[in-house]
Amino acid sequence: MSDISQLMGGFNAEEYQEKPEFDNSPLPEGDYYVEIENAEIKETANKKGTGCNMKLAVLGDVHDNGHKGRKMFNWFTLQHENDMAQSIGQREFHALRLAIGKPTATDTDELIGQNLVIRVGFEKKDPTRNYIKRFMALEGYEKPDKTEAKAPAPAASAPSSAVKKNPWD
């Protein structure tokens with residue numbers, strides 16, 4: 001037999017924790033800061049069209065920065081033999097491009113790394129699944145009132161030389 005501890009530099013099991021359980025529960029309805037992590041063009045499973053498969057990294061809930069690190073996925077049907085499916089997909093994709101300030105983006109590389117706000121809801125047919133109801137620009141975004149939220153503190157004027165902080169930090 002071979003001693004694998006030598007290969008692992010004196011492995012000590014007490015130094016490692018079990019991998020935390022993956023949380024694949026749906027996100028609560030609401031608005032989230034996100035970053036486009038990946039976007040790739042793919043053919044549909046039925047080979048009747050083409051779309052953009054997108055992965056979004058959640059940077060935080062707009063009220064408490066909760067759910068940071070979670071992922072959201074979205075499919076945009078960009079070309080399809082079904083005109084309605086194509087129209088809906090192109091309209092949603094255009095809304096995303098407007099939200100990131102790149103309405104004429106033609107390459108997925110232009111999308112990756114961009115930040116925006118998404119409004120998340122639940123699918124009607126399957127309330128255990130999220131879907132993105134709306135794409136919104138960070139610039140000019142105002143948080144909706146949250147009934148549990150405390151009364152806002154009076155706004156202090158920031159010096160003009162202050163570094164602008166991301167809302168999810």
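A contact is a pair of residues with heavy atoms within 4.5 Å. The model is predicted, so local features need pLDDT of at least 70 and side-chain atom pairs count only at pLDDT 80 or more, while totals for chains, interfaces and linings use all residues. Residues are numbered from 1 along each chain as its sequence is written, and side-chain values use heavy atoms, with hydrogens and water left out.

Begin with the whole chain. Of the contacts with a separation of 6 or more, 55% join residues 24 or more positions apart. Buried residues (under 20% relative accessible area, 1.4 Å probe, protein chains only) constitute 28% of the 169 residues. The accessible surface (Shrake-Rupley method, 1.4 Å probe) is about 12,400 Å², and carbon and sulfur atoms contribute 50% of that area.

Next, colour by secondary structure. Helices (H or I, at least four residues) and strands (E, at least two) are DSSP runs, numbered from the N terminus. The chain has 2 helices and 5 strands, in the order α-β-β-β-α-β-β.

Now select residues 49-61, strand E2, in which 10 of 13 residues are buried. Strands count as paired if DSSP finds at least two bridges between them. Add residues 30-43, strand E1, which pairs with E2 in the antiparallel sense over 11 bridges. The two strands form a hairpin with 5 residues between them, and Lys 47 in the turn has a positive phi of about 60°.

Finally, add residues 71-80, strand E3, antiparallel to E2 over 9 bridges. Centre the view on Met 54 of E2: Ala 39 stands opposite Met 54, and Met 54 also stands opposite Asn 74 in E3.

Terms used: Buried < 20%, exposed > 50% of the residue type's maximum accessible area, 1.4 Å probe, protein only.
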